[in-house]
Amino acid sequence: MSRTRIVAVRGRRVWDSRGRPTVEAEIELARGAIGRAIAPAGASTGRGEALERRDGGPRLCGFDVQGAVAAINGTIARALIGLAAADQEAVDRSLIALDGTPTKSRLGANAIVATSLATAQAAAAAHGLPLWRWLGGAAACTLPLPEIQIIGGGKHAAGRIDLQDVLVVCPGAQSFAQALLWTAEVYHAAGALLAEAGRLKGVADEGGFFPELESNEAAIALVARAIERAGLRAPDQVAIALDVAASSFGCNGRYHLASEGRTLDTEAMIELLSSWIARYPIVSIEDPLAEDDPEGFRAFTARFRSRIQIIGDDLLVTSAERVRRAAREGWCTAVLLKPNQVGTLSETAAAWQAAREGGLGGIVSARSGESEDTTIVHLAVGLGVPQLKVGSLARGERTAKWNEALRIEEALGPRARFAGRAALRSAPGANGQVRL
Ligand code: PGA
Ligand code: ZN
């Protein structure tokens, strides 16, 4: 206990990849070990997410976080000092009780998630271990299959197309490093195709190309052509994944495709996705329908579950309870795991546990507003979650995470396993001895 006794908790304002303020928490332990973590921020947030605390008012467009920082330095510090950082669940329970609201809005989910993750980092540091090893023990040896954005749309690209992400996965790669290498070839081929068409205008929030394209389908077709141009075979080596993020443009069973000037009902939306699945090498679709349309999710999943992975993000918001319901009712086949959607590391681990028990796959995910923090990569390896999604292959807040995974793969040496193709199937085997 003494080695991981918390002696100081500090909060500070730092900056995220959209130039907005965010919260960093720093936990110091009795023998000097220090852990830090930075809260990320979403743009296409689910309605059921834990709520971040922002100051409002005219400064910094209301995005300042002085209240959340003060909560860490005051209420949270007083409650945590003296606790053992090694007892993550006790620390998280205390954060949840201290906040006392179902949405974590009093202290702020940004203050809470930064503190929770910093606690884990500090405990790992006190044991001289990287976080993935501290969480997963000797069983943690699987590198996740990365899902990497090539085109960014939706709320991450001013609504230029309705689809939020056109991504690639590399089910045929033999290692994490090879998956990044293949993806880099595809990313640059996509850039070259856009440049040749006079449509290369820059990148969206997560580093994927900003879509100066005439339709949603044109973005998918472009990525399919880029895979071909890179000399890779689809879908066995490299395949396409979509995050439709349909809650951003759909509600009450109406889906307004603003970039194409038409509105579809649930059935027509499913037909549109079906036509893309038939014509492009698509192996995974996230949020095909809106968060208020679980029946649509269920119909879509019943029809396509044997062909593609179907991921719930806004619908499930990393809530163990919702994940159990999704498994029971057949809403999707995999769960996106974003620690700041729920607020603590223990609750994120509980959502993953619920997914495994329900036979669902899992993907640890970053947010569109990110930082150099790489904690989520350690969570994927440490908790045995077989997929990872952190945006594109460009921009430092994204590459920080991909590069950290490369370091972990190298540190594991011959013991490293790559989740590969099997990650896309439901109910993948997870580590035997995760700490949470
Ligand atoms: P967000 O988007 O971080 O803006 O919510 C990421 C996602 O939808 O997966
Ligand atoms: Zn999503």
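A polar contact here is a pair of N or O atoms within 3.5 Å. Keep that cut-off in mind for the ligand views; the model itself is predicted.

**View 1. Arg367 reaches ligand 1 with its side chain.** A polar atom in the side chain of Arg367 sits 2.7 Å from an oxygen atom of ligand 1. That falls within the 3.5 Å cut-off, so the pair counts as a polar contact.

**View 2. Ala43 and Lys389 also meet oxygen atoms of ligand 1.** Ala43 does it through its backbone, where a polar atom is 2.6 Å from an oxygen of the ligand. Lys389 uses its side chain instead, with an N or O atom 2.8 Å from a ligand oxygen. How much of ligand 1 does the protein cover? The answer is 99% of the 280 Å² of accessible area that the ligand has on its own.

**View 3. Here are the neighbours of ligand 1.** There are 13 residues around the ligand. Those that come nearest are Ala43, His156, Arg367, Ser368 and Lys389.

**View 4. Eight strands close into a barrel.** Going round, the order is 5-6-7-11-12-13-14-15, and the pairing is mixed. From one strand to the next, the twist averages 30°.

**View 5. Strands 14 and 15 run parallel, with helix 12 packed on the sheet.** Strand 14 covers residues 361-365 and strand 15 covers residues 387-392; they pair over 2 bridges. Look for Val364, whose bridge partner in strand 15 is Leu388. Helix 12, residues 375-383, touches both strand 14 and strand 15. The helix direction makes about 160° with that of strand 15.

Methods. Residues numbered from 1 in each chain as written. Chains lettered and ligands numbered in written order. Predicted model: local features only at pLDDT ≥ 70, side-chain atom pairs only at ≥ 80, totals over all residues. Heavy atoms only, no water. Pairing = 2+ DSSP bridges. Helix = DSSP H or I, 4+ residues; strand = E, 2+ residues; numbered from the N terminus. Axes fitted to C-alpha atoms, helices over the stretch in contact; angles between N-to-C directions. Contact = heavy atoms within 4.5 Å. Near = heavy atom within 4 Å. Polar contact = N/O pair within 3.5 Å; in protein donor to acceptor, adjacent residues only side chain to side chain. Areas by Shrake-Rupley, 256 points an atom, 1.4 Å probe, with all protein chains shown as cover.
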